[in-house]
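Colleague: I'd like a close look at one part of this model, the enclosed spaces inside it. Could you walk me through them, and then through the charged pairs?

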Amino acid sequence: MNYIQIMGVLKKAGLSTVLLFLLQAKTFSQVQPLPVPLRVENLICEYKTNPIAVDAANPRLSWKLITQDRGVQQTSYEIRVGSNAVSLTKGKDIIWGTGRIYSPQSIQIYYGGPMLGSRQKVYWQVRVWNNKNQVSPWSMVNFWKMGLLKKTDWTAQWIQDTYLSDTTGGPAPMFRKTFKLDRKIRAAHLYITAHGVFEAQINGKRVGDDYFAPGWTSYNKRLQYNVYDVTSSILKGLNAIGVTIGDGWYRGYTYNRKKNVYGKKLGLLCQLEVVYTNGQREIINSDKTWKVAYGPIRSSSFFDGEVYDARKQKPGWATGTYKDATWDTVKTDTTIKANLIATSGPTVKKHEKFSPLKVLTTPAGERVVDFGQNLVGWVQFKLQGKAGDTVRLYHAEVLDQKGNFYTKNLRTAKQEITYVFKSDSVETYEPHFTFQGFRFMKIVGYTGPLDSTNVAAYALYSDMAQTGSFSTSNKLVNQLQHNIQWGQKGNFIDVPTDCPQRDERMGWTGDAQAFCRTATFNMDVAGFFTKWLKDLSADQHKDGAVPYVIPNMLDSTLSAASGWSDVATIAPWNIYLAYNDKQVLQQQYNSMKAWVGYIQRHSRNYLWDTGNHFGDWLFYAGTNYEDGAALTDKNLIAQAFYAHSTQLLINAARILGHSDDVQTYTQLLYNIKKAFNSEYVTPNGRMISGTQTSYVLALNFDMLPENLRASAAKRLVSNIEDYDEHITTGFLGTPYICHVLSRFGRTDIAYDLLMKESYPSWLYPVKNGATTIWERWDGIKPDGSFEDPEMNSFNHYAYGAIGDWMYRVVAGINTDEDDPGFHKIIIAPHPGGKLTMAQAELETLYGKIKSAWTIDQGIFTLDITVPPNTTAQVILPSVTDPITENGLDINTVKEITDIKKVGNDEQFAVVSGSYHFVYTLRVPGKKN
Ligand code: RAM
């Protein structure tokens with residue numbers, strides 16, 4: 001929590017004295033650093049700072065230790081929780097005090113106090129002791145507030161417009177209500193959700209900065225509500241609330257133009273809860289007293305865009321004095337409430353702004369703005385037309401070979417904004433309930449100037465903090481990292497989608513599992529995946545089959561594909577590794593088990609060779625299937641993933657203490673691997689599909705007996721060489737290929753793949769101007785033409801799964817899987833690929849890890865940072881002695897221990913802190 005936030009908290013609590021004190025302390029601290037060697041900061045509750053809609057009965061608390069010293073370990077902590085911030089700081093009225101707990105644990109600690117009720121707000125503080133006999137002062141005060149925990153807390157009623165027909169694509173209803181508040185207000189919170197997506201206003205001011213709320217979940221079972229602190233918008237006297245609702249995921253068009261997936265009628269459910277200074281509560285519910293009308297949003301759709309007629313605006317419609325005599329009454333529906341849950345993951349917010357890079361006229365004579373980045377969001381404009389004139393915006397990811405605006409790959413998605421001017425003066429507009437995947441915007445119906453003063457593109461995505469950065473001395477690799485991050489931004493819009501532009505945009509499970517681990521490096525995705533995995537459990541079929549897409553809006557038969565449904569085991573495991581989040585394993589355990597159970601029941605003699613599988617989707621197919629196609633047998637893949645899911649289930653069972661399951665599934669795993677070897681591997685270790693993916697999966701999932709592994713790795717390398725060091729894997733082999741090569745000592749070949757610039761490779765799209773990851777290795781073919789527009793997205797993250805290897809191997813930041821969440825860190829950089837520099841940073845729950853290396857004339861330097869309360873194992877490559885740390889021989893540095901040589905590497909343990917290592921690299925073939 002920063003200074004401003006604490007001021008806000010204290011101000012709300014009316015703590016002027018404490019405020020003054022802190023203010024002075026701060027001023028003092030600016031003059032002179034605080035004489036505090038140990039502090040506690042970044043207090044988070046369920047991955048959020050001061051959340052106001054918690055529905056976990058025992059929310060988890062984490063904090064970071066701040067210190068300049070090396071070798072700092074927490075030895076004990078004390079948490080105190082109270083219902084009043086001032087009393088808390090005085091140690092009074094504590095509702096849960098842990099006392100001093102002798103434990104190094106500083107993350108994921110369960111609140112263990114009395115059960116908290118709906119709306120209850122509690123404040124908390126922490127202090128810690130360390131191994132240097134230091135104690136921190138009490139941290140600043142943070143809080144969390146509980147959501148509405150009981151069905152009966154909802155006194156509001158669902159309201160709908162009176163339009164009775166199925167109106168997918170119809171106007172967005174606007175609901176409004178005025179109310180008077182006579183007394184002094186202490187706090188006001190809006191609890192709100194919709195069938196559709198909503199935008200709320202109070203007294204003409206937008207509520208919050210979320211977009212597409214309440215997000216996308218398995219609505220029939222789990223519908224999120226959002227909570228906003230609206231205290232500052234509420235007035236004493238006359239007030240008004242207004243809410244507009246768009247089709248969104250609820251009933252908007254989706255895959256195959258399917259509509260009304262969750263229902264035909266849009267609806268609003270909200271309660272504005274006001275607490276007066278005397279403690280009394282008044283609730284303004286959505287109910288039959290509300291009014292409804294249609295306004296300027298004539299239609300809205302994620303795929304097709306928005307039609308906005310400014311002439312139909314209703315100025316001041318969400319203010320108290322607006323006259324609504326002509327507005328309709330609403331229909332009410334008192335039934336559906338059981339599925340309500342608090343919003344848990346990050347909500348979608350507006351992020352980067354892009355000004356036009358170029359404004360061009362294409363050979364076809366169209367006016368196009370190039371924003372320079374393929375992004376997901378929308379265009380905001382400030383344009384002047386004539387009342388009644390229409391301006392249209394179209395959105396495309398690419399220009400074609402001739403330089404013309406290209407939208408064929410959007411299939412039926414229109415991505416079109418239609419705006420009708422209400423006046424002859426400048427008008428400002430941005431869409432509400434739609435988003436576009438685009439880099440280029442074509443404008444029709446406007447001929448005036450276009451520049452950074454009147455058009456801008458905004459990126460919208462789930463509000464995940466950026467946690468990772470990665471860069472090297474190679475610009476193309478840096479652009480690849482940029483493209484991976486933008487692939488993540490564009491496809492993490494409340495759910496992980498395959499693509500954000502064409503008429504698809506679904507939570508394809510295969511893509512999500514492939515990319516998930518990379519995602520954990522780039523951004524804080526703990527809340528994002530935890531939420532989505534709950535939808536996976538909700539939509540998983542009774543027999544354990546996991547649908548192709550989550551939330552599932554496809555036919556129920558479209559489920560249980562190998563490498564896709566395995567997201568059920570892979571994603572929870574990755575979240576566990578990144579955040580030491582045992583709860584996600586607990587939450588998903590039944591689902592994981594059910595998925596493995598499904599495969600078990602569909603196998604004969606432990607062999608899963610039935611069902612429909614996508615296989616190694618979009619592998620290199622050559623120019624035709626006889627020309628070097630890298631086709632891997634789908635059942636071989638299925639068997640490998642069967643083993644992998646079973647292994648992850650065993651891992652989870654072990655962590656959760658389900659020892660019977662550990663035994664049962666270990667036996668099962670043995671049989672799965674045996675069946676794999678007898679069906680797909682010759683006694684000498686040759687696989688029936690001699691492809692990269694085949695060897696990669698067999699090696700990565702430990703399918704082969706030990707004695708066949710080294711030769712299998714050789715076969716993989718020779719296959720890569722047969723393709724002139726090109727990658728030929730699809731979605732399933734790609735995430736692991738470089739890891740397998742590194743594990744078997746061929747990081748050099750992994751670098752060859754990474755650095756390859758010709759098709760198929762990661763850098764081929766980069767060389768072709770990509771600013772995101774493409775769905776196919778050759779979205780734009782070497783001859784400049786496009787791949788089949790039926791499936792050619794230029795913003796698909798799956799191949800971006802190489803990011804994980806870049807962080808973990810190139811820069812070398814890893815977590816020990818036996819002590820995850822980066823509590824025990826492994827720093828093992830792997831120079832190669834002619835790089836002279838690579839660096840990565842990762843903000844973990846403990847703090848920032850850094851690994852940055854350079855090579856200059858044979859001298860290797862490595863700068864690392866190991867956060868407080870963690871330790872690291874450092875593995876330095878190709879070492880010649882001596883290694884120095886800040887000029888001292890490492891053998892003389894007390895924070896460095898257990899130094900040993902393993903081959904050409906040198907390994908040792910370090911305690912927390914920053915280090916600067918230097919040594920001369922071995923010259924291969926030369927005795928050093
Ligand atoms: C297409 C997309 C998606 C993939 C499925 C199988 O819709 O390429 O990414 O997961 O096919």
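Modeller: Sure. Bear in mind that this is a predicted model. Let's start with the second largest cavity, which holds about 80 Å³ of space. Its lining is made up of 15 residues, and those nearest the centre are Pro214, Gly215, Thr347, Val348 and Asp494. Sorted by class, that lining comes out as six nonpolar, six polar and three charged residues.

Now for the largest cavity, with a volume of about 110 Å³. It has 14 lining residues, and Trp249, Tyr253, Thr254, Phe302 and Phe303 sit closest to its centre. Here the split is nine nonpolar, three polar and two charged. As for where it is, the largest cavity lies between domain 2 (154-342) and domain 4 (468-810), because both give residues to its lining. Counting cavities of 30 Å³ or more, you get five.

On to the charged pairs. The structure has 48 salt bridges. One of them joins Lys349 and Asp210, with the closest N and O atoms 2.6 Å apart. The two partners come from distant parts of the chain, 139 residues apart: Lys349 belongs to strand β23 (residues 348-354), while Asp210 is in the loop between β12 (205-206) and β13 (223-229). Lys349 has a relative accessible area of 17%, so it counts as buried, the cut-off being under 20%. Asp210 is at 7%, so it is buried too.

Arg517 and Glu817 form another salt bridge, at 3.7 Å from N to O. This one spans 300 residues, from Arg517 in helix α6 (residues 509-522) to Glu817 in the loop between β36 (813-815) and β37 (824-827). What about burial? Arg517 is buried at 13% relative accessibility, whereas Glu817, with a relative accessible area of 37%, is partly exposed.

Then there's Glu787 with Arg776, again a salt bridge, at 3.7 Å from N to O. Both residues are in the loop between α16 (763-767) and α17 (803-811), 11 residues apart, and both are buried. Elsewhere, Arg411, Asp498, Arg502, Asp503, Glu504 and Glu775 are joined into one network by salt bridges that share partners.

One last item, from the UniProt record: an unreviewed entry annotates residues 362-459 as "domain: Alpha-L-rhamnosidase concanavalin-like". In the model that span is 53% strand and 0% helix, and its end C-alpha atoms lie 25 Å apart.

Methods: Residues are numbered from 1 along each chain as its sequence is written. This is a predicted model: local features need pLDDT of at least 70, side-chain atom pairs count only at pLDDT 80 or more; totals for chains, interfaces and linings use all residues. Side-chain values use heavy atoms; hydrogens and water are left out. UniProt positions are given in the numbering used here, feature names are shortened, and annotations may be inferred rather than shown by experiment. Helices (H or I, at least four residues) and strands (E, at least two) are DSSP runs, numbered from the N terminus. On a 1 Å grid over the protein atoms alone, a cavity is a set of points where a 1.4 Å probe fits but cannot get out, and a pocket is an open set with protein on both sides within 12 Å along at least five of seven lines; lining residues have an atom within 4 Å of a point. Grid points are joined across faces, edges and corners, and a volume is the space filled by probe spheres set on the points. Ala, Val, Leu, Ile, Met, Phe, Trp, Tyr, Cys and Pro count as nonpolar, Asp, Glu, Lys and Arg as charged, and the others, Gly among them, as polar. Domain bounds come from an automatic or database domain assignment. A salt bridge is a side-chain nitrogen of Lys or Arg within 4 Å of a carboxyl oxygen of Asp or Glu. Buried means under 20% relative accessible area, exposed over 50%, partly exposed in between (1.4 Å probe, protein chains only).
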